[in-house]
Amino acid sequence: MRKVEITEDSADAILRQMLVEDYFDLVNDIESMGKEPNLNKAQEGDLIDSIKYRNALQTLLEYYLPYERYLEVVGLDGG
């Protein structure tokens with residue numbers, strides 16, 4: 001097996017990208033669930049959990065991303 005070494009900067013970039021992708025996937029899931037007219041109890045629980053997870057991801061994004069990029073990702077850049 002080959003050993004792959006990466007720099008801390010590369011690891012940080014990978015982590016940031018994964019957080020952004022997870023955030024957008026979660027936002028899309030929340031939007032889809034929110035459009036469903038008749039969610040069952042399990043789906044309602046999933047929606048509530050997804051919103052909590054999205055909020056937690058926003059906190060992580062605020063910490064890991066440059067401020068302007070954070071505003072852009074979470075849709076607070078006015079655009």
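## Exercises on a predicted model

Arg69 is partly exposed, with a relative accessible area of 29%. The model is predicted, and the exercises below work from its atoms.

**Exercise 1. Find the residue whose side chain meets Arg69 in a salt bridge, and place the pair in the fold.**

Step 1. Start from the Arg69 side chain. It meets the side chain of Glu72 in a salt bridge, at 2.8 Å from N to O.
Step 2. Check the cut-off. A salt bridge needs a Lys or Arg side-chain nitrogen within 4 Å of a carboxyl oxygen of Asp or Glu, so the pair qualifies.
Step 3. Locate the partners. Both lie in helix 3. They are three residues apart, about one turn of the helix.
Step 4. Classify Glu72. Its relative accessible area is 45%, so Glu72 is partly exposed.
Step 5. Count. By this rule the model has one salt bridge.

**Exercise 2. Describe the largest nonpolar core and say which helix gives the largest share.**

Step 1. Size the core. It has 16 residues.
Step 2. List the residues with the most contacts inside the core. They are Tyr23, Leu61, Leu65, Tyr70, Val73 and Val74.
Step 3. Assign elements. Helix 1 (8-35), helix 2 (41-64) and helix 3 (67-73) each give two or more residues.
Step 4. Compare shares. Helix 1 gives the largest, with seven residues.
Step 5. Zoom in on Leu65. Leaving out residues up to four places away in sequence, Leu65 touches Arg16, Val20, Tyr70 and Val73.
Step 6. Set this in context. In soluble globular proteins, nonpolar side chains tend to be buried together.

**Exercise 3. Decide whether Ser50 is buried or exposed, and list its contacts beyond four places in sequence.**

Step 1. Locate Ser50. It sits in helix 2.
Step 2. Apply the cut-off. Buried means under 20% relative accessible area. Ser50 has 13%, so it counts as buried.
Step 3. List the contacts. Beyond its neighbours within four places, Ser50 is in contact with Leu26, Ile30 and Met33.

**Exercise 4. Identify the residues that form a nonpolar surface patch with Ile14.**

Step 1. Locate Ile14. It belongs to helix 1.
Step 2. Classify Ile14. At 44% relative accessible area, Ile14 is partly exposed.
Step 3. Name the partners. Val4, Ile6 and Met18 form the patch together with Ile14.
Step 4. Give the area. The four have about 420 Å² of accessible area together.

**Exercise 5. Give the C-alpha separation between Asp29 and Ile6.**

Step 1. Place Asp29. It is in helix 1.
Step 2. Classify Asp29. Its relative accessible area is 43%, so Asp29 is partly exposed.
Step 3. Read the distance. The two C-alpha atoms are separated by 32 Å, with the residues 23 apart along the chain.

Key: Residues numbered from 1 in each chain as written. Predicted model: local features only at pLDDT ≥ 70, side-chain atom pairs only at ≥ 80, totals over all residues. Heavy atoms only, no water. Core = buried A, V, L, I, M, F, W, Y, C linked by side-chain atoms within 4.5 Å. Buried < 20%, exposed > 50% of the residue type's maximum accessible area, 1.4 Å probe, protein only. Helix = DSSP H or I, 4+ residues; strand = E, 2+ residues; numbered from the N terminus. Contact = heavy atoms within 4.5 Å. Patch = residues over 30% accessible without salt bridge, like charges linked within 9 Å, V, L, I, M, F, W, Y side chains within 5 Å. Areas by Shrake-Rupley, 256 points an atom, 1.4 Å probe, with all protein chains shown as cover.
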